[in-house]
Each structure stands twice: as C-alpha cells, then as structure tokens.
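Reader: Please take a close look at the largest pocket of this model. I would like to know what lines it and how the surrounding fold is put together.

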Amino acid sequence: MPAQTTNLLLLEELEDGGRTSELADSDRAALHAVADWIKTFVVKPHEDLGRAGTVCPFVPVSLERRTLWLAPEQIADRDVPEVVELMSGYKRLLLDAQPTDGDDVIYNVIVVVFSDLSADRAQGVFDEVLQQLAVPSYEEDGILFGPYYEGHEGTAVYNSSFRPFQSPVPFLFVRH
C-alpha cells in the first residue's frame, strides 16, 4: 500500500481548490484542523511549556523553508501490517525529499493525518505500528515517528503537567 505522493500538501496549499478538490471532505476538514492547530499552537510559545520558545522549535523553520508536508490517509479498514507498510512508504518519501543530507535535513517533516481514525483507537494503532517501525527506522536511517492524538498522555520535557502531543485529529509525523 504505497503512500499517496500526489497528496503531499504544504499548509498554504490547503487553500488551493485545485490542489484539494480531489480530496474527500473528511480529509480536507482533517487537514485544515491539523494545519490550524500547527499555526495556533505548535509554532507559538506556551506559558506551560517550561522553556522559552515555540512548542516545537523545528516547525517554524520547516514552514519557512516549505519542508513540512501534510498527507491525508484513511486507515479504518486496514490492519497494522498495512499501516506499517503505509508509514514505511512515507519514510521512503522523507528520505528522498530535498535536502537529503546536511544540517537542514532535520527540517523535513511529513505529517500523515488519519481522517477516519478515532482518538480512542489511535493510541493502540500507533503503539503497534511504532513498535514495528520506530527503533529500526531510527537505527538504520535516523528517522523519528511521532504520534499525536486527543488524549495523548505524553508530557513536555521541561514540564510534566504540559501535554503538547494532543492534536485535534490523530496523526503520525515522520522526520529526521
């Protein structure tokens, strides 16, 4: 099950009807929800973060360099091996994205948004997928996967009561 390379979208491309007209309404809505969350939360400072700066220090640079892509996917009827294969495809896309090496490669990120995955199922699906992908991907290629969904209990490094991994729609990011 290959990744949908034609549906890699920059945040600003979500407003382009020509780029999004083929997407299902649920995919478009999910992408907009995640994009709005990125613009209003992730790239902003937060008083509960426990350090100065934006919630994620990488994302503002990724947006500026136009190396943060959103990709809609529907996985409700897929089993874990199919989702692992799908995410492996996105890993390959990321490894081929420019720049492919050097210091700037850390700003390349693909956010795979699962428009049909409920938040209550996300943890189980993501845990199983990451169990198969996370360690080998990091060891072999230096690739990280990050799960985000409503109800995620992960906390910020500098404040154990701040939970920045709770997004309006479940997604996995793939980045160096």
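**The largest pocket and its surroundings**

Author: Strand E3 is the element that gives the most to the lining of the largest pocket, contributing 4 residues. The model is a predicted one, and what follows describes that prediction.

The largest pocket holds about 630 Å³ of space. Its lining is made up of 31 residues, and those closest to the centre are Val 55, Cys 56, Tyr 148, Phe 165 and Phe 173. Two or more lining residues come from each of helix H2 (25-42), helix H3 (59-65), E2, E3 and E4. By residue type, the lining of the largest pocket divides into 24 nonpolar, 5 polar and 2 charged residues.

Three of the elements named above are strands, and they belong to one sheet. This sheet is open, has 4 strands in the order E1-E2-E4-E3, and its pairing is mixed. Strand E1 (68-73) and strand E3 (144-148) stand at the edges with a single partner strand each, so each has one side without a neighbour in the sheet. From one strand to the next, the twist averages 20°.

Inside the sheet, strand E2 (residues 109-114) and strand E4 (residues 171-175) run antiparallel and are joined by 5 bridges. Opposite Val 111 in this pairing stands Phe 173 of E4. Phe 173 is also among the residues closest to the centre of the largest pocket.

Two helices can be placed against the strands. Helix H4 (residues 80-96) packs on the sheet and touches E1, E2, E3 and E4, and its direction makes about 155° with that of E2. Helix H5 (residues 119-141) lies across E2, E3 and E4, and runs at about 160° to E3.

For the wider setting, the protein has 5 helices and 4 strands. Read along the sequence, these elements follow the pattern α-α-α-β-α-β-α-β-β. The C-alpha trace spans about 40 × 35 × 35 Å along its principal axes. The radius of gyration is 15 Å, which agrees with the value near 16 Å that a compact globule of 176 residues would have.

Enclosed space should be kept apart from the pocket. Rolling a probe the size of a water molecule over the atoms shows where empty space is left. The count comes to 1 cavity of 30 Å³ or more. The largest cavity has a volume of about 30 Å³, and is lined by Leu 10, Leu 11, Glu 12, Ser 62, Leu 63, Arg 66, Thr 67 and Leu 68. The lining of the largest cavity divides into 4 nonpolar, 2 polar and 2 charged residues.

Key
Residues are numbered from 1 along each chain as its sequence is written. This is a predicted model: local features need pLDDT of at least 70, side-chain atom pairs count only at pLDDT 80 or more; totals for chains, interfaces and linings use all residues. Side-chain values use heavy atoms; hydrogens and water are left out. Two strands pair if DSSP finds at least two bridges between them. Axes are lines fitted to C-alpha atoms, for helices over the stretch in contact, and angles run from 0 to 180 degrees between N-to-C directions. Contact means heavy atoms within 4.5 Å. On a 1 Å grid over the protein atoms alone, a cavity is a set of points where a 1.4 Å probe fits but cannot get out, and a pocket is an open set with protein on both sides within 12 Å along at least five of seven lines; lining residues have an atom within 4 Å of a point. Grid points are joined across faces, edges and corners, and a volume is the space filled by probe spheres set on the points. Ala, Val, Leu, Ile, Met, Phe, Trp, Tyr, Cys and Pro count as nonpolar, Asp, Glu, Lys and Arg as charged, and the others, Gly among them, as polar. The radius of gyration is taken over C-alpha atoms; the globule rule is 2.2 Å times the number of residues to the power 0.38.
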